[in-house]
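Please open the structure in a viewer with side chains available for display. The tour below proceeds by selection, with a note on what each selection contains.

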Amino acid sequence: MSARTPIAGIEPLDLDVDADAYLALHGALDEPVADGLLGDRERQVRDRTRRVVAEHVAPTAALRDAEHTFAHDSYRALAAAGLGGLLVPEEYGGTGDTTAAYAAAMEEIAAGCGATSLVFMTQMHAAYPILHSGSRELAREYVPGLVDGSRYGSLGVTEPSAGSDAASLRTLATRTDDGYTLSGSKMFITTGDRADVVICFATVDPDAGRRGITAFAVDGRSQGLTRGRPLSKMGMHSSSTAELTFDRTPVPTSHRLGEEGGGWAIVVSSVTKSRISAAAQGVGLARGAYAHALAGLHRIHGPAVPQDVAARLAGMRGRILSARLMLLATARDVDAGGGAGGSVGLMKQTCTDVGWQVAVEATALLGRHGDLAAFGVERYLRDAKVTQIYDGTNEVQRLLVARDTAGRLKDVLP
């Protein structure tokens with residue numbers, strides 16, 4: 001079966017199999033007002049990412065999704081183009097680009113294949129704590145492989161009884177003569193079934209709350225580390241998700257990230273990057289669903305799209321632009337040293353909600369065709385849902401934003 005094989009007698013849309021068609025349609029959807037938030041280098045990164053996606057990611061996305069094939073080849077294509085380490089210093093094989101460039105690239109990847117974007121961002125999420133809090137020797141050992149795709153990484157925060165409240169995790173780090181042993185389990189770990197390094201957050205004292213949390217870079221070959229079979233999921237089929245179990249898994253002191261008890265600060269700093277990633281996914285998935293709706297409507301109706309449909313498309317375009325502006329403005333603020341308070345949570349909540357809402361609307365606009373895999377929109381719908389759940393559920397984001405708002409107003413309103 002090839003990417004061009006008809007599904008149930010219906011040919012795939014041109015933008016799914018033809019790179020030139022993909023580039024032409026997505027290029028037509030660029031918004032100058034959003035491009036104004038990107039510098040020349042950032043636009044170059046965006047454009048190079050789009051071309052790699054058009055040539056090596058989008059044409060096989062539907063097939064990977066249908067066959068649940070891990071997005072190894074598509075990630076390696078991005079890495080081969082020098083895109084695997086956008087936020088990584090050149091010393092470790094990266095390009096040292098801005099958060100805004102990373103966000104723009106993430107949007108492009110998600111527009112072509114949500115699952116590939118999830119693998120892509122997880123590599124960055126695993127590398128960032130090592131770069132931020134590990135030694136240079138530890139960074140040299142793991143980060144170049146994460147950048148070029150010869151190694152995979154995972155971020156181990158969520159547990160069966162500790163999700164958005166990371167301070168309640170119970171994986172235990174016990175001191176030994178040579179370092180520590182870890183015992184406990186992590187759940188819903190992206191790329192966990194194949195990770196060569198796991199950034200594991202554990203506690204040295206379950207009664208200490210945040211003050212006990214400590215971060216470790218656990219080698220994937222370590223004794224006592226076992227991996228469950230990949231979980232069956234609604235979407236993101238080309239990205240694997242698994243449970244990890246640590247049974248007195250040894251970790252040398254040299255693999256501890258930061259100070260003992262300093263893991264909470266690493267969680268907080270990592271959350272900013274991960275929520276930018278999720279927000280960029282939301283914008284990209286919205287744009288991908290919108291592009292597929294346009295291509296599908298053209299196949300169904302020709303160039304004369306009904307007026308009521310055109311009006312709904314205009315609303316979708318407005319929501320995508322608003323989300324992209326929020327994404328890039330927040331990324332720019334993070335680059336300037338900001339991103340504190342509720343702004344990152346507001347961005348994550350808003351952009352991922354837009355991804356879901358636009359995918360739902362795109363499916364509805366295609367009517368009976370919206371359910372067909374050959375029209376592509378249903379994949380974006382399935383992929384978009386989880387972005388509202390991971391990296392802090394949107395319900396939690398709303399609570400954080402409400403708390404931030406109350407804090408701003410307490411000394412203003414009587």
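**A tour of the salt bridges**

Select Arg51 to begin; its relative accessible area of 43% makes this residue partly exposed. The model under view is a predicted one. Add Glu55 to the selection: this residue is likewise partly exposed, at 40% relative accessible area. Glu55 and Arg51 form a salt bridge, and their closest N and O atoms lie 3.1 Å apart. Both residues belong to helix 4, where a spacing of four residues separates them by about one helical turn.

Next, select Glu91 and Arg140. Their side chains meet in a salt bridge with an N to O distance of 3.8 Å. Glu91 sits in the loop between helix 6 (72-80) and helix 7, while Arg140 is in helix 9 (residues 136-148), so this pair ties together parts 49 residues apart in sequence. Glu91 is partly exposed, with a relative accessible area of 46%, and Arg140 also counts as partly exposed, at 44% relative accessibility.

Now display Asp30, Asp35, Arg46, Asp47, Arg50, Glu107, Glu108, Arg287 and Arg324 together. Salt bridges with shared partners join these residues into one network.

Within that selection, focus on Arg50 and Glu108, whose side chains meet in a salt bridge at 2.9 Å, N to O. Arg50 lies in helix 4 (residues 40-57) and Glu108 in helix 7 (residues 99-112); the pair therefore ties together parts that are 58 residues apart in sequence. Are these two partners buried or exposed? Arg50 is buried, with a relative accessible area of 6%, because values under 20% count as buried. Glu108 is buried as well, at 2% relative accessibility.

Finally, clear the selection and view the whole chain. The structure holds 26 salt bridges, and the protein chain contains 14 helices and eight strands. Along the principal axes, the C-alpha atoms fill a box of roughly 75 × 65 × 40 Å. The radius of gyration is 21 Å, which agrees with the value near 22 Å for a compact globule of 414 residues. Of the 414 residues, 55% count as buried. Among contacts with a separation of 6 or more, 76% involve residues 24 or more positions apart.

Colouring by charge gives a last view: the mean positions of the 42 positive and 48 negative charges are 2 Å apart. A surface display shows the exposed area of about 17000 Å², of which carbon and sulfur atoms supply 53%.

Notes:
Residues numbered from 1 in each chain as written. Predicted model: local features only at pLDDT ≥ 70, side-chain atom pairs only at ≥ 80, totals over all residues. Heavy atoms only, no water. Salt bridge = Lys/Arg side-chain N within 4 Å of Asp/Glu carboxyl O. Helix = DSSP H or I, 4+ residues; strand = E, 2+ residues; numbered from the N terminus. Buried < 20%, exposed > 50% of the residue type's maximum accessible area, 1.4 Å probe, protein only. Rg over C-alpha atoms; globule rule 2.2 N^0.38 Å. Contact = heavy atoms within 4.5 Å. Areas by Shrake-Rupley, 256 points an atom, 1.4 Å probe, with all protein chains shown as cover. Lys, Arg positive; Asp, Glu negative; His and termini not counted. Charge placed at Lys NZ, Arg CZ, Asp CG, Glu CD.
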